[in-house]
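Visitor: Can you walk me through this one? Keep it quick.

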Amino acid sequence: MSCRRDGALAGAVLAAFLFASVSVEASLSTPFFLAGVLGTIVFELLAARAYDRVRACWDRPIVQVTALVAGVAIAAVGAQTVPSRVLSAGIGALVAYLALISVVHVRDVLEDGRD
C-alpha cells in the first residue's frame, strides 16, 4: 500500500473541493460534513472485508486517474448545483480518509520502520 500516493491523490481532490468551496463562497454544512466522514468510515470497513480485491483494483493506474478526475468533476458540478451539501460531504469524506491513512502510515512506521 502506498499511503503517500493515496494521500497525494486524496489531497489533490480535497484541494479541488476547497477551491470550489471558496470560489462559490459555500458555507460548511455540519450534517453533510459528518455524512461524508461516516461514508468514508463505512466504505473503508466494507472495503477491508475484501482488501486484496479492492487493493488490486485500486493499484491500477487507470482507476486512480479516473478517481482523481471524477473527484474534481464532482467538486466542480457540486459547486454549481448544491454547493453547501456536496462540497461539505466531499470535504468531510476526504478529511476522514486522509486522517485514516495518516494513522495507517504512522502505525506502519512504528511497527516496521517503513517510511
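Guide: First, a term: helices are DSSP runs (H or I, at least four residues), numbered from the N terminus. This is a predicted model, where local features need pLDDT of at least 70 and side-chain atom pairs 80 or more, while totals for chains, interfaces and linings use all residues. Residues are numbered from 1 along each chain, and side-chain values use heavy atoms, without hydrogens or water.

Visitor: Which helix gives the largest share of the lining of the largest pocket?

Guide: H5, with nine residues. A pocket is an open set of points on a 1 Å grid over the protein atoms alone, where a 1.4 Å probe fits, with protein on both sides within 12 Å along at least five of seven lines; lining residues have an atom within 4 Å of a point.

Visitor: Switching to H2, which residues are buried there?

Guide: Gly36, Thr40 and Ala47 (buried is under 20% relative accessible area, exposed over 50%, with a 1.4 Å probe and protein chains only). They share one side of H2, because their arc around the axis is only 45 degrees. That arc uses directions from the helix axis to the C-beta atoms.

Visitor: What sits on the face turned away from that buried side?

Guide: Exposed residues: Pro31, Leu34, Leu38, Leu45, Leu46 and Arg49.

Visitor: And what covers the buried residues of H2?

Guide: H3 and H5 are among the covering elements, by contact (heavy atoms within 4.5 Å).

Visitor: Now H1. What covers its buried residues?

Guide: The cover includes H3 (51–58), H4 (61–80) and H5 (83–112). Phe17 and Asp6 are among the buried residues of H1.

Visitor: Which residue follows H1?

Guide: Glu25, with a positive phi near 55 degrees.

Methods: Helices (H or I, at least four residues) and strands (E, at least two) are DSSP runs, numbered from the N terminus.
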